[in-house]
Structure formats: structure tokens, C-alpha cells
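Got a few minutes before you head back to the bench? Here is a quick tour of one protein chain, meant to be read with the model open beside you.

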Amino acid sequence: MGKPTCAQVKVGETAPDCASCPFAVKGIPSHKPVRPLVVKKPLGVLIGEGPGHDEVAMQEPFVGMTGDELNMMLAENGRPRQSITIANAMGCMPPIGMRTEGNMRSAATACRPWVLSILKSAVPLSTPTLAMGKWAGFLVTGKAKAIGDARGFLRYVNRRYKPLILTWHPTFALFRNPWVQADFEADMDRWARATRG
């Protein structure tokens with residue numbers, strides 16, 4: 001399989017702006033972009049930032065070590081992975097050494113129309129969304145806010161993605177900074193309660 005010229009775009013979707021993405025070379029991604037995993041009538045939506053090696057290899061968001069932890073937390077909350085729509089703000093893996101604020105913003109901006117078009121066509125209006133990480137929050141709100149200042153609140157956004165909870169990215173919360181793990185777990189619990197109405 002050759003390199004894709006851009007993300008595979010289906011009928012009715014808006015194409016991403018791969019030509020403006022700093023992670024692509026002359027508008028061509030280094031790997032096949034990872035599409036959102038959409039289920040019919042999802043109980044909730046989880047949004048991450050960008051795929052890692054396992055996600056790229058399996059072409060599915062949130063697999064591998066972080067995905068395993070997330071799956072256990074979903075099961076503990078009575079919300080199995082198979083009942084959730086899962087997406088990333090970016091279709092491509094941010095290369096090491098290029099994860100600057102400016103590059104991440106540009107990549108998230110380039111992918112945003114594509115990812116939103118997929119979610120808006122498949123996710124009911126009132127589906128609770130948990131945006132995990134700064135760029136996940138940017139996907140939904142259009143604003144890149146520091147998670148430490150924005151997390152944990154149940155909010156309504158643009159009458160489209162509601163309710164919305166912003167939280168830490170699970171890799172950061174579960175493996176890199178134990179000081180925020182309790183915050184992440186509390187936000188996951190709050191989101192799960194929102195999915196029950």
C-alpha cells in the first residue's frame with residue numbers, strides 16, 4: 001500500500017487541509033491517517049489528541065497501553081468501548097521533535113474540518129463528550145485552553161457537542177503525572193454519569 005495523498009474522505013465528509021499540516025510533506029502524510037471509530041447510537045464520545053504508534057499500526061484510536069487502561073475504566077463505569085465513539089483531534093501521529101505549540105495548533109486546525117464532519121454526521125446532538133487533552137478541547141470548542149484551568153466542568157458548546165467535559169489526556173494522567181490521575185478519574189466518572197442522563 002502506497003502513502004495516502006491525504007486522509008481517506010468519504011462522501012459527505014469535509015477533507016482535511018493536509019497541505020497546511022506541518023506533519024505532512026508536500027501535503028502527503030507519512031502514514032495513513034487514523035479515522036474516528038464511530039458506533040451507531042453511541043452512549044458517549046471520547047476525543048484524544050493524536051494517534052501513537054499502536055493507533056497508526058492498527059488504524060484505530062486509543063489502542064495499546066493507554067487504550068487498555070481506558071478500556072478498563074470504561075468497563076468499570078459500565079460503558080464498554082463498543083458503545084462509545086472514539087476520535088482524535090489529529091489523524092496523524094505528531095512526530096517527536098515537532099510537537100511545538102505552533103505545529104500542534106496547525107495540525108489540529110488542518111484536521112478539524114474532517115474530524116468534525118465525521119462526528120457531526122454520526123453523533124446525536126445530546127451525546128456527552130469527554131475531550132482529553134488541550135487539542136481535543138480545541139477540536140470541539142475551537143479554543144486551545146490549558147487543561148489545568150478548564151478541566152472538570154460540565155459545559156454546553158455551540159448547541160452541538162453537549163454536555164462537554166474537558167480533562168487531562170489519559171497518557172499524561174495515568175502514566176506521566178500521578179498528581180492528576182485522581183482528577184482524570186473523577187472527570188471520567190462525571191462523563192459516565194452524564195451518559196446515563
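What follows is a short walk through the overall fold, a helix with a bend, the pocket, the cavity and a handful of single residues.

Keep in mind that this is a predicted model. The protein chain has seven helices and five strands, and 51% of its 197 residues count as buried. There is one pocket to look at first, with a volume of about 850 Å³, and one cavity of 30 Å³ or more.

**Overall fold**

- Going along the sequence, the elements of the protein chain come in the order β-α-α-β-α-β-α-α-β-β-α-α.
- Measuring tape in hand, you'd find that the C-alpha trace spans about 45 × 35 × 30 Å along its principal axes.
- A compact globule of 197 residues would have a radius of gyration near 16 Å, and the protein chain has 16 Å, so the two agree.

**Helix H3 and its kink**

- Helix H3 takes in residues 101-122, which makes 22 residues.
- At 1.5 Å a residue, H3 should span 32 Å; its end C-alpha atoms sit 30 Å apart, so expectation and model agree.
- H3 does have a kink, though: about 45 degrees at Arg112, shortly before the proline Pro113.
- Plenty of H3 residues are buried, including Met104, Ala108, Ala110 and Cys111 ahead of the proline, and Trp114, Val115, Leu116, Ser117, Ile118 and Leu119 after it.
- As a reminder, an α-helix has 3.6 residues a turn, so residues three or four places apart point the same way.
- Ala107 also belongs to H3, and it counts as buried because its relative accessibility is 1%, under the 20% cut-off.
- Ala107 and Ser126 are 19 residues apart along the chain, and their C-alpha atoms are separated by 28 Å.

**The largest pocket**

- The volume here is about 850 Å³, and 30 residues line the pocket, with Glu49, Arg99, His169, Thr171 and Arg176 the closest to its centre.
- Which helices supply at least two residues each to the lining of the largest pocket? They are H1 (53-58), H2 (64-76), H4 (134-141) and H6 (170-176).
- H6 gives the most to this lining, with four residues.
- Sorted by class, the lining has 14 nonpolar, nine polar and seven charged residues.

**The largest cavity**

- The largest cavity has a volume of about 80 Å³, and of the 13 residues that line it, Cys18, Cys21, Pro29, Cys92 and Cys111 are the closest to its centre.
- Cys111 is a residue you've already met, as one of the buried positions of H3.
- By class, the cavity lining has twelve nonpolar residues, one polar residue and no charged ones.

**Two positive phi angles outside glycine**

- Lys41 has a phi near 50 degrees, a positive value in a residue other than glycine.
- You'll find Lys41 in the segment before strand E1 (44-48).
- Is Lys41 buried or exposed? Lys41 counts as exposed, because its relative accessibility is 76%, over the 50% cut-off.
- Phe62 isn't a glycine either, yet its phi is positive at about 55 degrees.
- Phe62 is in the loop between H1 and H2, and it counts as buried because its relative accessibility is 3%, under the 20% cut-off.

**Around the end of H2**

- Glu76 lies in helix H2 and is exposed, since its relative accessible area is 68%, over the 50% cut-off.
- Glu76 and Gln8 are 68 residues apart along the chain, with 34 Å between their C-alpha atoms.
- Asn77 is in the loop between H2 and strand E2 (84-88).
- Asn77 is buried, because its relative accessible area is 13%, under the 20% cut-off.
- Asn77 and Met188 are 111 residues apart in sequence but 8.4 Å apart in space, C-alpha to C-alpha.

Note on methods. Residues are numbered from 1 along each chain as its sequence is written. This is a predicted model: local features need pLDDT of at least 70, side-chain atom pairs count only at pLDDT 80 or more; totals for chains, interfaces and linings use all residues. Side-chain values use heavy atoms; hydrogens and water are left out. On a 1 Å grid over the protein atoms alone, a cavity is a set of points where a 1.4 Å probe fits but cannot get out, and a pocket is an open set with protein on both sides within 12 Å along at least five of seven lines; lining residues have an atom within 4 Å of a point. Grid points are joined across faces, edges and corners, and a volume is the space filled by probe spheres set on the points. Ala, Val, Leu, Ile, Met, Phe, Trp, Tyr, Cys and Pro count as nonpolar, Asp, Glu, Lys and Arg as charged, and the others, Gly among them, as polar. The expected span of a helix is 1.5 Å times one less than its number of residues. The bend at a residue is the angle between axes fitted to the seven residues ending there and the seven starting there. Buried means under 20% relative accessible area, exposed over 50%, partly exposed in between (1.4 Å probe, protein chains only). The radius of gyration is taken over C-alpha atoms; the globule rule is 2.2 Å times the number of residues to the power 0.38.
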